[in-house]
Every structure is written in structure tokens, then in C-alpha cells.
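I set out here what I looked up in this structure, entry by entry. The notes begin with the whole chain and then turn to single residues.

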Amino acid sequence: MRRSVTRAPFGRTPAGEPVELFTLKNAHGLELRAITYGGVIVSLRTPDWSGRFADIVLGFDSLAGYVRGSPYFGAIIGRYGNRIAQGRFTLDGKTYRLATNDGPNHLHGGARGFDKVVWSGEPLETDSTVGVVFRYTSPDGEEGYPGTLRATVTYTLTDANELIVDYVAETDRATPVNLTQHTYFNLAGDGSGDILGHELTINADAYTPVDSTLIPTGTIAPVARTPFDFRTPTAIGARIDRDDPQLKKGRGYDHNFVLARSGPGLEHSARVTEPKSGRTLDVYTTEPGLQFYSGNFLDGTITGKAGHVYRHRSGFCLEAQHYPDSPNRPSFPSTILRPGEEYSTRTVFRFRVLTP
Ligand code: BGC
């Protein structure tokens with residue numbers, strides 16, 4: 001099969017901005033479609049053990065669905081992935097106020113985060129890969145954040161069936177930055193029920209417990225002897241309904257895992273296997289944390305692609321990033337980017353099939 005990357009119009013935002021769709025195909029027929037609105041991955045088609053392709057990500061058929069209200073399906077999240085307590089932080093002696101768009105807290109960059117803006121898009125081709133480069137300049141003061149932030153996010157599809165996500169950014173004033181990717185996966189195929197039978201492994205000995213508004217308490221807690229121990233493959237649904245105070249607060253899994261790392265490079269952080277299709281997803285990242293969200297807030301009120309109703313836990317997210325609320329937690333790895341520094345992180349999603 002021939003590798004390809006093509007571009008096509010994907011409608012206009014209510015403000016009249018044109019949105020483009022990029023379609024990437026590798027030599028094995030793996031196909032990723034992503035749009036310039038929010039850098040959203042709108043579909044990702046991979047084979048099962050018998051060679052049958054299916055779309056394994058949740059989303060909408062058209063731009064209207066994303067604009068009308070999406071729980072961040074497939075989107076790039078910025079400036080700050082996850083929550084900042086009370087929408088407030090102090091940096092170099094100055095206190096900044098951000099939108100509180102999730103109860104008392106700031107979530108995923110605010111009212112109009114990087115998931116809701118139109119990025120520029122350019123195709124990218126090398127001898128062995130295809131890709132798309134998205135660029136967005138976030139003006140000084142946008143959503144309350146200091147500094148002009150120039151962000152570049154590149155999706156690269158390789159013939160090893162990897163999706164490489166590269167995040168690069170620079171700023172002209174110190175600002176928190178925590179970029180991530182918010183794809184909801186269902187490895188059995190979009191619209192094929194819940195993800196509770198998927199088997200998950202996370203390379204983490206600890207996680208960050210949260211309060212009732214999902215802000216980390218500051219404790220780094222061991223996963224041993226808790227439902228958060230995914231160090232060996234365990235079905236997502238095996239313990240999700242246990243009477244555990246942290247699972248109650250998250251309404252399931254909605255927690256940051258502290259990845260066990262041996263250095264700052266790209267390391268294996270998680271694996272998910274769906275037993276019936278044999279589809280397996282491996283996640284590698286340079287990030288210190290992984291937010292595992294089990295789609296707890298999906299409640300059947302959203303109808304997505306091909307009329308699929310997204311019921312409780314019909315998709316899961318593995319968001320490689322820094323820990324939530326780091327700007328207010330000096331003991332967490334820093335998320336502050338300063339002028340002259342380059343923000344540069346990488347996350348790789350690798351797709352394979354294990355014959356059942
Ligand atoms: C958060 C969830 C939130 C979801 C939004 C996740 O990253 O951890 O709490 O509801 O994004 O869809």
C-alpha cells in the first residue's frame with residue numbers, strides 16, 4: 001500500500017473560519033484523520049486480529065458536533081491539561097486568575113482552550129513517514145495566562161504502526177504549559193459498548209489521590225493493595241465499582257498515575273489490550289504522569305459518529321502529561337516554561353494485534 005497524506009475542507013466554524021481535514025495513511029493501511037479545529041483526531045482505523053479495520057476513537061461525523069459541545073474528544077489540550085485549583089496560581093510573585101469552567105476549578109485550558117481554536121495545518125512527508133504539523137499562537141493573556149505562547153503539535157504515522165505526537169512550544173513570558181492529547185479509545189471499535197473488558201497495564205507504583213473536586217491532595221500514594229494497581233494486566237472493570245473513596249471521588253478512574261521512570265527519555269508507560277479484537281495499544285512518553293480517565297462522565301446524552309450513543313464508559317483516555325494543579329504544588333515536577341527555553345515532549349501510541 002502507498003503511504004499518503006491528503007488535505008480537504010471540513011466546514012467552517014460559526015465565526016466563519018475554514019477548517020481543514022488531514023488524512024494520513026501508512027504502508028499497512030492504518031489511517032488517521034485529524035482536523036485543524038482543536039487538532040482533533042476524528043478517526044483512527046486499525047486492523048483487528050483477522051485484518052478487519054475499524055475506527056477505534058470516539059467523535060463526531062462533522063465539525064458541528066465538535067463545536068456544539070464535545071467532552072474534548074480527540075483534541076489537543078492546552079495551555080494546561082487537567083485542573084488548576086480555583087483557577088488561580090502565583091508565578092514570580094504575581095497571582096493570575098483563570099476561567100473556572102469545572103465547578104470551582106480551571107479545566108483543560110479554560111472556556112476556549114486549545115481544543116476549541118483553529119490551528120494552521122501543513123502536511124509532512126519523509127521517506128518513511130507521513131504526518132501533519134499543527135501550529136497555534138496563543139496571545140498574551142489568553143484565558144488569563146501570561147505570555148505569548150507559540151505551540152506546534154505534530155502527528156506522525158510510521159510504518160511500525162505508531163502515532164507519534166510531538167509537542168513543542170516557546171513563550172515570551174513565564175507561563176504554565178502542560179499539553180496533552182485527549183483521544184477516547186475503544187479498541188473493540190467505536191460504538192461497540194463499554195471499555196470495561198479492556199485489559200490495562202500502567203507502569204506506575206504511585207498515583208496522586210484527589211479531593212472531591214478532582215484536585216490532587218498533594219500526597220503521592222502507593223498503588224499497592226489498591227484498585228489503582230495496574231502493574232500487571234487487569235481489566236478496567238475488574239475493580240472500578242469497588243467501595244473505594246478515591247474511585248467514588250472520580251466516579252471511576254480519573255486519576256494521575258506517577259510513572260515509574262528510569263530517566264527523562266521516551267519510556268513505556270501503559271498497554272491496553274482488547275481481548276476479542278486482539279487490538280493492543282502501547283503508550284510511550286517523556287512525561288512524568290499519565291491521567292487515566294475511564295469515560296465516567298459519558299452518560300448517553302451524546303450521539304456521535306454513525307449515530308453511536310456514547311454511554312457510560314464507552315471510551316477511555318490515557319493522557320500523558322504533568323500532574324494536575326502543578327502550578328500550585330511546588331513538590332510536583334514543574335510545568336513552568338520561561339523565555340529562552342524550549343518545551344518539547346513526545347508521546348507515542350503504538351498499535352498492534354495479538355492473535356487471540
Ligand atoms: C479529566 C476528566 C474530565 C475529562 C473531560 C479528563 O482529562 O480528567 O475529569 O471529565 O477530561 O472529558
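What percentage of the 356 residues in the protein chain do buried residues make up? I found that buried residues account for 57% of them. I note at the outset that the model is predicted.

**Entry 1. The whole chain**

I looked up the secondary structure and found two helices and 29 strands in the protein chain. I then asked for the overall dimensions. The C-alpha atoms fill a box of roughly 60 × 50 × 40 Å along the principal axes. The radius of gyration of the protein chain is 19 Å, which agrees with a compact globule, because a globule of 356 residues would have a value near 21 Å.

I next examined the contacts with a sequence separation of 6 or more. Residues 24 or more positions apart supply 66% of these contacts in the protein chain. For the surface, I noted an accessible area of about 13,900 Å², with 49% of it belonging to carbon and sulfur atoms.

**Entry 2. Salt bridges**

How many salt bridges does a search of the whole structure find? The search returns 17. I followed several of them.

One of these pairs is R3 and D159, whose side chains meet at 2.6 Å, N to O. This pair links distant parts of the chain, 156 residues apart: R3 belongs to the segment before β1 (4–12), and D159 to the loop between β13 (149–158) and β14 (162–171). I checked the exposure of each partner. R3 counts as partly exposed because its relative accessibility is 25%. D159 also counts as partly exposed, at 23% relative accessibility.

I then turned to D243, which forms a salt bridge with K248; their closest N and O atoms are 3.9 Å apart. D243 has a relative accessibility of 70% and therefore counts as exposed.

A further salt bridge joins the side chains of R271 and D282 at 2.6 Å, N to O. R271 lies in strand β22 (residues 267–273) and D282 in strand β23 (residues 279–285), 11 residues apart. Are these two partners buried or exposed, or in between? R271 is partly exposed, with 33% relative accessibility, whereas D282 is buried, with 0%. I also recorded a network in which salt bridges with shared partners join R7, E20 and E122.

**Entry 3. D325, a buried residue without a salt bridge**

I looked up D325 and placed it in the loop between β27 (317–321) and β28 (336–337). Which side chain of opposite charge is nearest to D325? It is R329, 4.4 Å away, and D325 is buried yet has no salt bridge. The cut-off explains this result: a salt bridge requires the nitrogen and the carboxyl oxygen to be within 4 Å.

I did find a polar contact at D325, made by its side chain with the side chain of N328 at 2.8 Å. Setting aside neighbours within four places in sequence, I listed Y80, R83, I84, A85, I215 and P216 as the residues in contact with D325.

**Entry 4. L91 and its surroundings**

N328 led me to L91. The C-alpha atoms of L91 and N328 are 9.2 Å apart in space, with their positions 237 residues apart in sequence. I located L91 in strand β8 (residues 88–91). L91 counts as buried because its relative accessible area is 8%. Beyond its neighbours within four places, L91 is in contact with Y96, A174, T175, P176, I336 and R338.

**Entry 5. Two further loop residues**

I found D48 in the loop between β4 (41–47) and β5 (53–55). With a relative accessible area of 9%, D48 is buried. Apart from neighbours within four places in sequence, D48 is in contact with S277, R279 and V353.

Where is G252 found? I placed G252 in the loop between α2 (245–250) and β21 (254–259). Its relative accessibility is 0%, so G252 counts as buried. Not counting residues up to four places away in sequence, G252 touches I240, Q246, L247, S294, N296 and R313. As a last check, I looked up the separation of G252 and S62, which are 190 residues apart along the chain; their C-alpha atoms are separated by 30 Å.

Key:
Residues are numbered from 1 along each chain as its sequence is written. This is a predicted model: local features need pLDDT of at least 70, side-chain atom pairs count only at pLDDT 80 or more; totals for chains, interfaces and linings use all residues. Side-chain values use heavy atoms; hydrogens and water are left out. Helices (H or I, at least four residues) and strands (E, at least two) are DSSP runs, numbered from the N terminus. Buried means under 20% relative accessible area, exposed over 50%, partly exposed in between (1.4 Å probe, protein chains only). Lys and Arg count as positive and Asp and Glu as negative; His and the chain ends are not counted. A polar contact is a pair of N or O atoms within 3.5 Å; within protein, one must be able to donate a hydrogen and the other to accept it, and residues adjacent in sequence count only if both atoms are side-chain atoms. Contact means heavy atoms within 4.5 Å. The radius of gyration is taken over C-alpha atoms; the globule rule is 2.2 Å times the number of residues to the power 0.38. Accessible areas come from the Shrake-Rupley method with a 1.4 Å probe; for residues, only the protein chains shown count as cover.
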